[in-house]
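Hello,

Here is the structure I promised to pass on. Please have a look at it, and then read my notes underneath.

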Amino acid sequence: MTDAFHEVRFPLRVSLTTSGGPVRRTDIVNLSNGRESRNQRWAGSRRSYDAGSGVKSLADLYTVLEFFEARRGRLTGFRFRDPLDHASARPGQAVTAFDQLIGNGDGANRRFQLVKTYGDAAGGFTRSIAKPVSGTVKLAVGGVALASGDFTLDAASGTVTLATAPATGVAVQAGFEFDVPVRFDTDTMEVNLEAFNAGSIPSIPLVEILA
């Protein structure tokens with residue numbers, strides 16, 4: 001018997017060069033008139049990665065093997081740092097308390113879910129952030145940055161609770177770093193040292209866990 005999720009991070013050295021990113025599911029039907037009908041099967045995206053591309057040495061390989069055993073294969077989830085998308089700000093920019101709009105006050109609610117919005121002039125998508133990194137979260141209410149003592153963070157769910165409920169219509173903004181909740185997408189860790197020494201990279205699939 002084990003917990004469904006361990007609040008530990010996949011080895012950072014390996015994750016920095018891992019390949020992968022968002023996956024969506026779209027049904028496309030070709031019509032008799034040559035046009036096509038497209039239907040979105042998933043409301044949002046789901047991240048998928050292959051950590052094998054980040055394994056550069058036998059030490060890396062053993063570290064991943066040890067981590068795999070500790071998670072019992074696919075059984076237990078864990079944190080993963082996406083090498084490209086792991087902060088509220090764009091890559092290369094500093095996190096600020098004004099990066100993302102996470103809600104508006106109603107005079108009573110003090111609890112808000114961290115989110116990140118992706119978009120352009122034609123549309124957007126808002127992603128719930130469930131695994132923020134403790135110590136990196138910054139908040140602003142009504143355009144004024146809050147002190148760390150003015151809110152509390154639940155780092156296991158991505159919710160923040162303000163000491164005082166914002167007035168109706170007042171914007172609540174946030175900046176943060178975050179991990180992706182994932183699990184191994186295999187119960188088998190196949191290791192062939194002869195192939196590895198010859199330059200063959202093992203496949204170590206990871207898939208995002210959606211709440």
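Below is what I found, starting with the salt bridges.

This is a predicted model, in which local features need pLDDT of at least 70, side-chain atom pairs count only at pLDDT 80 or more, and totals for chains, interfaces and linings use all residues. Residues are numbered from 1 along each chain as its sequence is written, and side-chain values use heavy atoms, with hydrogens and water left out.

The structure holds 13 salt bridges (a side-chain nitrogen of Lys or Arg within 4 Å of a carboxyl oxygen of Asp or Glu). In one of them, K131 meets E7 at 2.5 Å, N to O. K131 belongs to strand β11 and E7 to strand β1, 124 residues apart (strands are DSSP runs of E, at least two residues; helices are runs of H or I, at least four). K131 is buried at 7% relative accessibility, while E7 is partly exposed at 40% (buried means under 20% relative accessible area, exposed over 50%, partly exposed in between, with a 1.4 Å probe and protein chains only).

D60 also forms a salt bridge with R13, with the closest N and O atoms 2.8 Å apart. D60 sits in helix α2 and R13 in helix α1, so this pair ties together parts 47 residues apart in sequence. Here D60 is buried at 4%, whereas R13 is exposed at 53%.

A third pair, D85 and R47, meets at 3.6 Å, N to O. Both partners count as buried, D85 at 12% and R47 at 5%. Shared partners also join E7, R9, R79, K131 and D179 into one salt-bridge network.

Best wishes
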